[in-house]
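User: Please take a close look at a single part of this model, the surroundings of ligand 2. Set the surroundings of ligand 1 beside that site, and state the cut-offs.

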Amino acid sequence: MPGRRGWVLGLVLAWGRVLQAFGAAPDPAVERGSRAMTATGYLKPGWGDDAYRRVGQFWGEPAPDPATAPEAYSAAFIRRYGLNPAPYPNDGLPMGLRRGINPDGTRTGLQVDCLVCHGGSIGGMSHVGLGNSTLDMKSLFDDLDRAQGKRPPASPFVLNSTRGTVNAGMLSAVLLSVRNADLSMRRFPLPLGANLPELDVPAWWLLGKKSTMYYDGRTDARSVRANMQFLLGEKSLQELKDLEPTFRDIQAWLKSLKPPRYPFPRDAARADRGKVVFEKACAKCHGTYGPDGTYPNAIVELKVIGTDPARALGLSDRLVAHYNETWFGEEYAVDEQMIGYQAPPLDGVWATAPYLHNGSVPTLAALLKSSDRPARFKRPPSTDFAYYDQVNVGWKYEVVTEPPSPGLPPFEARFIYDTARFGLGNGGHTFGDKLSNDERLDLIEYLKTL
Ligand code: HEC
Ligand code: HEC
């Protein structure tokens, strides 16, 4: 007979397992991290209170009145810039925008947060942590600046030539270049030589499996500080240090995220056959799935993967060396040698079109047959399922044969994805080419189950 103590302990352990099984006892760090991301802001206002209400004047079509029809205005704003409604309380603002925080704690004006890029939607349903595949960040920033009577600043790099891609790498490279190794501000930027392209935004739910992160796999996925690089926009070293525990919670939450399930019917027999194809042709890089799943965390050399090299090559040695000298690199240094792309986990891959690190391939079918990839195509205006292709899995697209005419307004031109642009090439990853059409269909059916 167990003693009274042992009995009580047994009961407590059993109850713990019951709670775990029902997901009723979440890690408190995960809870705190979720709130830290969705209910808290970290940056001062970048635009005034009225910028949000005044941008409608730049849309070239009559905008709903933000005072008398705030919901219609919000919906039009969301459509215009490719944002998504916030699935949490956000002062009536779309996901990714929030009120700024002043030094005295008051909340005024507007600012962007991580979710402007990492708050996506699928089938029109907002999903925190899904990359935003419709965002036109350049239009959003330029219009907000103009609404404030400011001239948009001349940018030393292309923020986005296309909706849904964004040059997050150059944003951080520029922020780091105006700091010394001790993170004090510099008057003149360091010439770090980085030349990074615009990118598709990866889904956060993949992070939990990864031991290295970012498309090139050169950063340890345990790094909390790497996730704080955008705070360099205004924070001092001391302020960064004070926020590190909060970002540790945010990281715990990021690693707990799970993908949405494929919502349409599937052909189970095909998917079973596709699993066999996958395990032969794909698993050595992408791992296996299900309860005993494995993830090899493979980083594949450029000459093997053959996808657009600009992202992998654009991180200059000088930028890496500078990063590694700072408080960021002190935690986990960026690998100084590695050049290639990490084979990502494919969980929830049905929801993350377009594919590859630059979003150059609109469907899984085209990814698996390189001769079918369009050189120039129109991106959908929203993630509504009306634009979703259940057969080829990804976004329906219209092929554009002529290059965009120089007269086309930039807002319109950014609907066109042109693989001839810097960093946007759609070559490489030809591992599906040798499969038969039937094997490809089986494989696509299997990929829907992940
Ligand atoms: C301007 C858009 C943008 C913003 C804002 C942004 N990110 Fe990202 N994020 C990206 C892109 C693009 C990548 C891929 C970068 C790469 O690999 O070069 C990325 C990568 C990541 C990754 C690595 C994911 C992986 O699996 O490799 C994490 C983690 C992450 N971001 C967290 C954050 C956090 C936290 C914030 C807010 C403090 C944030 N991001 C703000 C665009 C953005
Ligand atoms: C030699 C390793 C390797 C093999 C084999 C391989 N892949 Fe990949 N895969 C990669 C790498 C690396 C990437 C990222 C490339 C990039 O973004 O430039 C990738 C990207 C992908 C993506 C895009 C993911 C996204 O969200 O953008 C999909 C889908 C994919 N692979 C499916 C497959 C399938 C299916 C097979 C089997 C036919 C396969 N891969 C075989 C290495 C491999």
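Analyst: The account below goes from the iron atom of ligand 2 outward, and then turns to ligand 1.

The model is predicted, so local features need pLDDT of at least 70 and side-chain atom pairs count only at pLDDT 80 or more, while totals for chains, interfaces and linings use all residues. Residues are numbered from 1 along each chain as its sequence is written, chains are lettered from A and ligands numbered from 1 in the order in which they are written, and side-chain values use heavy atoms, with hydrogens and water left out.

The iron atom of ligand 2 has His286 (NE2) and His429 (NE2) as its protein donors, at 1.9 to 2.0 Å. Donors are N, O and S atoms within 2.8 Å of the metal (3.2 Å for Na, K and Ca), and sites may look incomplete because water is not among the atoms. This site has 6 donor atoms, with angles of 86 to 179° among them, and is octahedral. That label requires six donors, with opposite ones over 155 degrees apart and all others between 65 and 115. For six octahedral donors, the ideal angles are 90 or 180 degrees.

Histidine 286 belongs to helix α10, whereas histidine 429 is in the loop between β13 (416-418) and α17 (437-447); the pair links distant parts of the chain, 143 residues apart. Helices (H or I, at least four residues) and strands (E, at least two) are DSSP runs, numbered from the N terminus.

Around ligand 2 there are 23 residues, and the closest are Cys282, Cys285, His286, Thr307 and His429. A residue counts as near if one of its heavy atoms lies within 4 Å. By class, this shell has 17 nonpolar, 6 polar and no charged residues. Here Ala, Val, Leu, Ile, Met, Phe, Trp, Tyr, Cys and Pro are nonpolar, Asp, Glu, Lys and Arg are charged, and the others, Gly among them, are polar.

Polar contacts (pairs of N or O atoms within 3.5 Å) are also found at ligand 2. A polar side-chain atom of histidine 357 is 2.7 Å from an oxygen atom of the ligand. The elements giving two or more residues to the shell are α10 (283-286), β8 (340-342) and α15 (364-367). A polar backbone atom of leucine 356 is 2.8 Å from an oxygen atom of ligand 2. In the loop between β8 and α15 lies proline 354, joined to alanine 353 by a cis peptide bond with omega of about -5°.

At ligand 1, the iron atom has a single donor from the protein, His118 (NE2), 2.0 Å away. Histidine 118 lies in helix α5 (residues 115-118). The shell around ligand 1 holds 20 residues, the closest being Cys114, Cys117, His118, Lys210 and Arg311. Of its residues, 15 are nonpolar, 2 polar and 3 charged. α5 and α7 (168-177) each supply at least two residues of this shell. An N or O atom in the side chain of arginine 311 is 2.6 Å from an oxygen atom of ligand 1, and a polar backbone atom of tyrosine 215 is 2.7 Å from an oxygen atom of the ligand.

Note on methods:
A polar contact is a pair of N or O atoms within 3.5 Å; within protein, one must be able to donate a hydrogen and the other to accept it, and residues adjacent in sequence count only if both atoms are side-chain atoms. Four donors count as tetrahedral if all angles lie between 85 and 135 degrees; four count as square planar and six as octahedral if opposite donors are over 155 degrees apart and all others between 65 and 115; anything else is irregular.
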